[in-house]
Amino acid sequence: MAARRFAHTILALAYSLAFAPTPVTAAHADGAISGQVQALYVGNSLIYFYDVPDLAERVAAGDGRSLQARMIAAPGATSADHLASGEAMRALREQPWTQLVLQEQGGALLCVLKKRPDARCDALLDATRRLAAIAHERGVRFILLGTWQASEDAQASLDRAEARVATEVRADAVIRLGEVQHRLMQRRPRWDWLGSDGVHPGADASVLAALLLHYATYDEWPSLDVPTLRVCEHAMPDGTLTQRAETCRDLPKGHLRHMLHSVRGICGDTPSRCVMGLRDMPPANR
């Protein structure tokens, strides 16, 4: 995949998919999904830098599952930006999605902890509410993908903020990516946590997101029955997702299994500490 367009040219694919047969899915009592999954990812470079939707597709395929993903993303975009562009809302109305994954701009939701959130914060909350509302209206699961902060104190605050927002919009799940990454970084500091630019998520951070998304979708961990997982950094000049071929490499199965074992060690027998459903939210957030 040398390049994928997410502006005007993606509409051709969108319309072709809109007339495809509706996927057969079934929801478990806890909200997890069985059957084919059509997942819409909305976010920014935190998910497109290593193309997290594509990683999620391949992790699911290695588990013998069918997941088809589409990504709507732009550099530095917030939920308010996506609401203003209209593309995500159109996609939700025009296609038979199974779940919507929203990734807010890194750390942006910290604003909800202020006594008097500003206009920008109100715009983020309004956009998240409206995206969640249309998803629920159409029977689409809404998942909030958390983000990472370098400071542990800031991360703890962001976790609280994300849980608060997830509760307010009745999210089906909130993925505590930042907290899990902090714990893994302490145990495995030499893993690839940051990209070559020192800012964006690295390959291991992006695979971690795909593993947690898999659990949020299927309520169980993947088998990772793949020999290797090829990972590449991406850029998005002029709305085109472009693979940086010189950064591509293969993560061996042994490393992937080691990562999964480490993640399960952190999440333990109560994965809600990593992937929280509404029923798992602290009472103060309800």
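A disulfide is taken here as a pair of cysteine sulfur atoms within 2.5 Å. In this predicted model, three such links turn up. Cys 111 and Cys 121 make one of them, with an S to S distance of 2.0 Å. The torsion about their S-S bond comes out at about 80°, so this disulfide is right-handed. The pair ties together distant parts of the chain, 10 residues apart: Cys 111 sits in the loop between β6 and α6 (119–137), while Cys 121 belongs to helix α6 itself. Buried means under 20% relative accessible area, so Cys 111, at 9%, counts as buried. Cys 121 has a relative accessibility of 1% and therefore counts as buried too.

Cys 232 and Cys 248 are also joined, again with 2.0 Å from S to S. Here the torsion about the S-S bond is about 120°, so this link is right-handed. Its two ends lie in loops 16 residues apart, Cys 232 between β9 (228–231) and β10 (234–235), and Cys 248 between β11 (240–243) and β12 (249–252). With 7% relative accessibility, Cys 232 falls in the buried class; Cys 248, at 16%, is buried as well.

That leaves Cys 267 and Cys 274, whose sulfur atoms are 2.0 Å apart. This link goes the other way round: at -110° about the S-S bond, the disulfide of Cys 267 and Cys 274 is left-handed. Both Cys 267 and Cys 274 are buried. Counting the bonded cysteines along the chain, the pairing pattern reads 1-2, 3-4, 5-6.

Turning to the sheet, six strands line up in the order β5-β4-β6-β7-β8-β13, giving an open sheet with mixed pairing. Its edges are β5 (67–73) and β13 (275–276), each of which has a pairing partner on one side only. At the β5 end, seven bridges connect that strand to β4 (residues 37–43), and the two run in the parallel sense. Within this pairing, Gln 38 stands opposite Gln 68 of β5. Helix α5 (residues 87–94) packs on the sheet, where it touches β4, β5 and β6 (99–103). The direction of α5 makes about 155° with that of β5.

As for confidence, the chain has a mean pLDDT of 87, and 85% of its residues reach 70 or more. Residues 1–30 are another matter, as pLDDT stays under 50 throughout that stretch. The model nevertheless gives residues 1–30 a total of 56 contacts beyond four places in sequence.

Conventions: Residues are numbered from 1 along each chain as its sequence is written. This is a predicted model: local features need pLDDT of at least 70, side-chain atom pairs count only at pLDDT 80 or more; totals for chains, interfaces and linings use all residues. Side-chain values use heavy atoms; hydrogens and water are left out. Two strands pair if DSSP finds at least two bridges between them. Helices (H or I, at least four residues) and strands (E, at least two) are DSSP runs, numbered from the N terminus. Contact means heavy atoms within 4.5 Å. Axes are lines fitted to C-alpha atoms, for helices over the stretch in contact, and angles run from 0 to 180 degrees between N-to-C directions. pLDDT is the predictor's confidence in each residue, from 0 to 100. Buried means under 20% relative accessible area, exposed over 50%, partly exposed in between (1.4 Å probe, protein chains only).
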